[in-house]
Number of protein chains: 2
Amino acid sequence: MSTSFAEENYLKIIYRLSEGHEDDISTNAVAELTQTKAASVTDMLRKLAEKGWVHYQKYQGVRLSPEGEKIALGIVRKHRLWEVFLVEKMGFNWDEVHEIAEQLEHIESDSLIEKLDAFLEYPKTDPHGDPIPTKNGVMPDLGYLHLSDMKAGKRCVLMGVAKDSAVFLQLLNKMQLSLGSALHVQEVNAFDRSISVSIDNAPAAFISHEVAKNILVKLA
Amino acid sequence: MSTSFAEENYLKIIYRLSEGHEDDISTNAVAELTQTKAASVTDMLRKLAEKGWVHYQKYQGVRLSPEGEKIALGIVRKHRLWEVFLVEKMGFNWDEVHEIAEQLEHIESDSLIEKLDAFLEYPKTDPHGDPIPTKNGVMPDLGYLHLSDMKAGKRCVLMGVAKDSAVFLQLLNKMQLSLGSALHVQEVNAFDRSISVSIDNAPAAFISHEVAKNILVKLA
DNA sequence: AATATTTTTTAGTTGAGTCTAAAAAATAAA
DNA sequence: TTTATTTTTTAGACTCAACTAAAAAATATT
């Protein structure tokens with residue numbers, strides 16, 4: 001069965017909202033990310049349920065069926081591979097590729113994606129450190145931790161970001177933070193939960209809790 | 001003003017039908033290439049005329065305005081650059097890229113297209129020998145001739161094709177014809193206008209008039 | 001437990017792009 | 001030049017994916 005542009009976006013967004021927990025997703029949550037109204041979401045959820053891609057009971061929220069998850073992972077795979085292409089081959093910065101990849105992710109051609117994967121030498125992660133689902137529909141778990149959960153004294157390496165909006169990424173640029181940055185947590189400040197961190201051995205800088213929540217690290 | 005997927009397709013097709021002459025294009029001709037019905041075309045032509053992209057008087061046919069031509073050339077440029085990418089970088093054959101490029105041509109990002117152009121080292125033609133419009137909206141005239149117009153005795157080189165359907169290109173593959181093939185016209189057969197041609201100095205083979213019409217050459 | 005608030009769904013519209021069937025105009029044939 | 005044929009347009013309807021406004025259900029508050 002074939003998927004429209006709109007359907008693919010809904011499945012992708014439901015997938016994003018489902019990551020890391022089992023709870024059903026609310027209509028409003030979907031509406032916010034699709035940039036539509038709740039009423040429109042209700043219509044689409046009924047349609048997706050009819051096609052067997054989601055489990056949906058009215059007033060009870062929604063979750064992906066195995067088939068829906070497979071489609072969503074396919075879209076995410078394409079999105080992330082295209083992002084690698086845009087950064088590695090086209091020379092874009094990591095904060096410039098999201099919107100273009102949002103378009104490219106809907107290009108339909110299995111053989112193209114396999115060839116692209118090979119051309120990029122089978123990358124495991126995208127330019128934001130996010131894992132690239134395999135062509136069999138498996139999302140690798142890289143086991144990264146949130147910087148906001150690090151205790152004082154910990155040393156870690158910046159491996160990814162949990163948000164790829166341009167404003168957030170540009171802020172990281174300004175703070176000299178990028179994939180691979182060595183982080184040494186000096187102190188967690190009780191007042192605002194901001195963190196004092198030394199970045200690549202420079203004198204410590206402050207990172208707000210809001211930012212730290214969206215930084216993924218592994219212990220060094 | 002922004003262009004929808006459908007509008008871009010219509011402009012591109014009107015451009016294709018207009019190449020090489022001044023006459024207005026008929027509603028039916030557009031309907032055939034867009035794979036829609038004449039009634040749908042009439043609606044769209046009125047809409048495109050309102051936006052100033054075509055000149056259209058009912059019952060009189062349609063032609064592109066300067067603005068419409070600019071948009072069409074932008075689409076053609078993207079289509080052909082992506083085709084070069086698919087063949088040169090992804091390893092597709094020339095008969096496999098049309099459908100994928102039909103999707104990629106609608107990706108909207110000026111900076112992406114400029115970077116792609118640079119990445120491909122500013123190609124002048126696509127994998128079918130068609131000229132790539134410049135970013136200023138100029139379609140280079142390569143001055144190729146049709147093989148069907150060659151007289152007996154002429155030597156020429158295959159530079160392009162006037163049709164990029166997979167079945168046609170696959171036939172050329174079977175006949176050992178590709179860009180760069182050296183052609184020596186032995187004889188034009190009066191009965192069916194087929195041509196006896198030696199390809200790369202091999203013993204002469206027959207090429208039907210229908211095929212010869214769609215082969216573009218330059219004199220050797 | 002009753003009431004107020006928030007969330008979600010229903011009902012009815014809208015616009016884009018398509019369709020079919022019928023009418024009108026242009027073109028070709030007698 | 002009249003008639004027949006083909007082409008094009010109009011009129012009305014359909015699907016998809018969105019919308020607003022109002023009703024219904026779920027959740028929170030008193």
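## Terms and model

Two strands pair if DSSP finds at least two bridges between them. Helices (H or I, at least four residues) and strands (E, at least two) are DSSP runs, numbered from the N terminus.

Please keep in mind that this is a predicted model, in which local features need pLDDT of at least 70 and side-chain atom pairs count only at pLDDT 80 or more, while totals for chains, interfaces and linings use all residues. Residues are numbered from 1 along each chain as its sequence is written, with chains lettered from A and ligands numbered from 1 in the order in which they are written.

## The sheet of chain B

Chain B holds an open sheet of six strands in the order E3-E8-E4-E5-E6-E7, with antiparallel pairing. At its edges lie strand E3 (145-146) and strand E7 (205-207) of chain B, each pairing on one side only.

Five bridges join strand E4 (155-161) of chain B to strand E8 (215-219) of chain B in the antiparallel sense. B:Cys156 stands opposite B:Leu219 of E8(B).

## How the copies are related

A turn of 180° with a shift of 0.0 Å along the axis lays chain A on chain B with an RMSD of 0.0 Å (least squares on the C-alpha atoms of residues with pLDDT of at least 70 in both). The two copies are therefore related as by a two-fold rotation axis. Among the residues of chain A, A:Leu104 comes closest to that axis, at 3.8 Å (C-alpha).

## The contact

Chain A and chain B give 13 residues each to the contact (C-beta atoms, placed from the backbone, within 7 Å). On the side of chain A that touches chain B, helix H5 (98-104) and helix H6 (110-119) of chain A are the elements giving two or more residues. H6(A) supplies the largest share, four residues.

Definitions and conventions
Contact = placed C-beta atoms within 7 Å.
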